[in-house]
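Subject: Structure handover

Hello,

Here is the structure for your files. My notes on it follow below.

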Amino acid sequence: MHRLLLDCDPGLDDAVALALAMASPEFEVLAVSTVAANAPIDVVTANAEQVMDRLACPCPLFQGAAQPLTIEARHSTDLWGGDGILPLAPPGRASKRLDREGFERLAQEADVVCAIGSLTNIAGLIARGRRPRRLVIMGGALGRGNATPHAELNIWADPHAAQIVFASGIPITLVPLDITRGLIVPGEMTAALTCADTRAARLVGELLPYAGSNAQPAAIHDAAVIALLLWPGLFTPERGRISVVTEGPEEGRTHFTAAADGPHDVLTQVVRDDLFRHMQRRLCGED
Ligand code: BDR
Ligand code: CA
């Protein structure tokens, strides 16, 4: 069993990632933490609380960084419009809140910290000498970005934090935009999820029709992080070193240099149809 900490900015695809993690007995989710990226911190924390309530998630919630390390806060809603609020009813019960000390302790205890928002919270951990054992990060683009032609959103939202994280020596697997942008759930899968009777399937089936609207991404980028931990054979990694451009017109660009002795793994391919087949079965409680 992997003990996970999920550092997120829900976000529809973050919600799908949480649902997949909560539906998987391979994981114990120690905590959920939020960071501003998709939307301001109060919006993403309220979204996280609603998602956790719908999933009956028993773990605590930590509200993390509202601001990037150096630059002014910027969000996907600034780029693509909308308010970033997920279309869910207010939570029936409030999540138990974690303080910073508790967050830092659990981030070190976790076998894997899944970072699916900007990397501000993770850079903060490193600055305070609290190093996660392993990071799996959704972010970056080796080719075209989505926030700018050069930069993917999670890296663009705090490039200085991202550079600190990639230079830290912590083992990192990167799930880049190049393989996640095509992960758009087929209509028949959404229909099947809507009819299923598990919490995870119903939540995902309810949210997916909003994908592509109100600044909610259409692709389920962040769920690929959880899928990688569950079904690593569906992905092809390449070893090397990642660095981040922190200034100038290419700010937020991720550079990758292949190297057999590099500290990072970047995923370069995914078997998309198998991924969706596995995901549907897992969300529906069929395996
Ligand atoms: C990433 O940015 C956010 O919109 C998504 O939640 C995902 O983490 C994709 O670029
Ligand atoms: Ca996200």
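Which residues are the protein donors of the calcium ion (ligand 2)? They are Asp 9 (OD), Asp 14 (OD, listed twice), Ile 116 (O) and Asp 222 (OD), lying 2.3 to 2.6 Å from the ion. Donors here are N, O and S atoms within 2.8 Å of the metal (3.2 Å for Na, K and Ca); water is not among the atoms, so sites may look incomplete.

This is a predicted model, where local features need pLDDT of at least 70 and side-chain atom pairs pLDDT 80 or more, while totals for chains, interfaces and linings use all residues. Residues are numbered from 1 along each chain as its sequence is written, chains are lettered from A and ligands numbered from 1 in the order written, and side-chain values use heavy atoms, without hydrogens and water.

The donor spacing in sequence is D-x4-D-x101-I-x105-D. Asp 9, in the loop between β1 (2-8) and α1 (12-22), and Asp 222, in the loop between α10 (199-207) and α11 (223-230), are 213 residues apart. Helices (H or I, at least four residues) and strands (E, at least two) are DSSP runs, numbered from the N terminus. Both Asp 9 and Asp 222 are buried (under 20% relative accessible area; exposed is over 50%, partly exposed in between; 1.4 Å probe, protein chains only).

There are 17 salt bridges (a side-chain nitrogen of Lys or Arg within 4 Å of a carboxyl oxygen of Asp or Glu). One of them pairs Arg 282 with Glu 26 at 2.7 Å between the closest N and O atoms. Arg 282 sits in helix α12 (residues 272-283) and Glu 26 in the loop between α1 and β2 (27-34), so the pair ties together parts 256 residues apart in sequence.

Regards
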